[in-house]
Amino acid sequence: MPCCTKCQKEESLYYRAYSGEYLCKKCFLRSIESKAAKTISKYSMIEYGDKVAVGVSGGKDSLSLLYVLKMLFDQHPNNGNELVAVTIDEGIKGYRDESLQIVKDFCAQLNIESKVLSYQSLFGIDMDQAMVQRSSQKISSCSMCGTFRRRAIDIAAETVEADIVATAHNMDDQLQTFIINLLAGDVERIGWIYPEPVQYTQTGMKKVKPFVEIYEYEIAFYALQRDIPFQSEECPYMNESIRTDLREFFNRLERDHPGIKYNAYRSMTKISKVLRSSMPPSQPNKCSICARVSTGDVCSVCRTLSIL
Ligand code: SF4
Ligand code: ZN
């Protein structure tokens with residue numbers, strides 16, 4: 001491999017096709033960390049003194065996010081930010097157990113507090129049971145699971161009195177969400193994709209995604225280069241999601257046309273910004289069953305539980 005384009009000293013180990021740069025290990029790692037730091041500042045994601053709850057699944061993205069935030073917070077100790085890892089146990093036999101251990105060990109290594117909550121303890125049902133009970137219903141595994149996970153992370157973050165929930169969604173995730181909303185005719189939801197955080201629960205907590213401008217495969221490479229241990233096992237219920245098809249579609253396009261994902265992301269951000277600014281101020285209702293904030297009379301969690 002040629003010499004690193006950035007430092008002009010070390011031999012490169014990574015070719016960034018979309019920018020034409022060759023990067024050595026040090027410059028590659030730094031590029032990811034500084035991209036996350038710039039994204040946080042560009043969208044005012046985290047303020048001084050904020051306690052940040054990071055949703056950590058045990059996969060490469062969330063453990064890398066935990067590592068990067070820990071590093072950034074340690075570089076600026078006077079900012080008074082705190083970090084806590086929150087992990088949700090969906091109750092998927094043979095899949096979740098390994099990752100719970102990985103998260104526990106990694107948090108101990110980084111000296112970060114961690115909190116685990118399960119679907120079973122919060123909703124009285126786990127994913128394995130939900131998959132059996134939903135047999136006659138037309139609801140996909142990931143849409144049930146995503147609905148439960150969002151609520152579970154909110155509750156976990158409230159329990160640890162966090163100001164911010166940070167999740168490791170990357171650029172690929174955002175593009176998939178954009179297309180899914182488009183295909184489903186959910187145009188209003190596209191406004192929610194814009195990375196600037198909005199306060200979203202009773203407690204005024206905000207949700208941020210510091211990796212939103214980074215390619216998924218670069219985060220995977222980052223985790224490998226930093227020797228971050230992550231779960232490689234895939235969820236047995238994963239393939240029901242249209243996300244899998246969209247991921248393959250975008251990866252194929254990117255292979256043939258480097259940079260196309262980034263261009264699509266930029267267009268998507270512009271569209272979501274316009275839609276966000278045209279959204280009427282939200283008039284949150286309370287769910288008539290669980291009393292949490294909801295857009296309708298019954299929230300999505302209670303609706304999902306009622307059809308199981
Ligand atoms: Fe849940 Fe789908 Fe993720 Fe499996 S792949 S953990 S079902 S959201
Ligand atoms: Zn409810």
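## Exercises: a zinc site and a helix pair

The zinc ion (ligand 2) has the protein donors C287 (SG), C290 (SG), C299 (SG) and C302 (SG), 2.2 to 2.4 Å away. Donors are N, O and S atoms within 2.8 Å of the metal (3.2 Å for Na, K and Ca), with water not among the atoms. This is a predicted model, and its local features need pLDDT of at least 70. Residues are numbered from 1 along each chain.

**Exercise 1.** Find which arrangement the four donor atoms around the zinc ion (ligand 2) form.

*Solution.* Start with the angles. The donor atoms subtend 104 to 113° at the zinc ion (ligand 2), so the arrangement is tetrahedral. Four donors earn that word if all angles lie between 85 and 135 degrees. Next, read along the chain: the donor spacing is C-x2-C-x8-C-x2-C.

**Exercise 2.** Decide whether C290 is buried, partly exposed or exposed, and do likewise for C302.

*Solution.* Take the cut-offs: buried is under 20% relative accessible area, exposed over 50%, partly exposed in between (1.4 Å probe, protein chains only). C290 has 30%, so C290 is partly exposed. C302 has 9%, so C302 is buried.

**Exercise 3.** Describe how helix α1 (residues 25-42) crosses helix α2 (residues 60-75).

*Solution.* First, the axes: those of α1 and α2 come within 10 Å and cross at roughly 75°. Therefore α1 is roughly perpendicular to α2, a label for angles of 65 to 115 degrees. Then list the contact residues (heavy atoms within 4.5 Å). α1 gives E33, A36, A37 and I40; α2 gives V68, L69, M71 and L72. Last, sort them: seven are nonpolar, none polar and one charged.

Conventions. Chains are lettered from A and ligands numbered from 1 in the order in which they are written. This is a predicted model: local features need pLDDT of at least 70, side-chain atom pairs count only at pLDDT 80 or more; totals for chains, interfaces and linings use all residues. Side-chain values use heavy atoms; hydrogens and water are left out. Four donors count as tetrahedral if all angles lie between 85 and 135 degrees; four count as square planar and six as octahedral if opposite donors are over 155 degrees apart and all others between 65 and 115; anything else is irregular. Axes are lines fitted to C-alpha atoms, for helices over the stretch in contact, and angles run from 0 to 180 degrees between N-to-C directions. Helices (H or I, at least four residues) and strands (E, at least two) are DSSP runs, numbered from the N terminus. Angles under 35 degrees count as roughly parallel, over 145 as roughly antiparallel, 65 to 115 as roughly perpendicular and the rest as oblique. Ala, Val, Leu, Ile, Met, Phe, Trp, Tyr, Cys and Pro count as nonpolar, Asp, Glu, Lys and Arg as charged, and the others, Gly among them, as polar.
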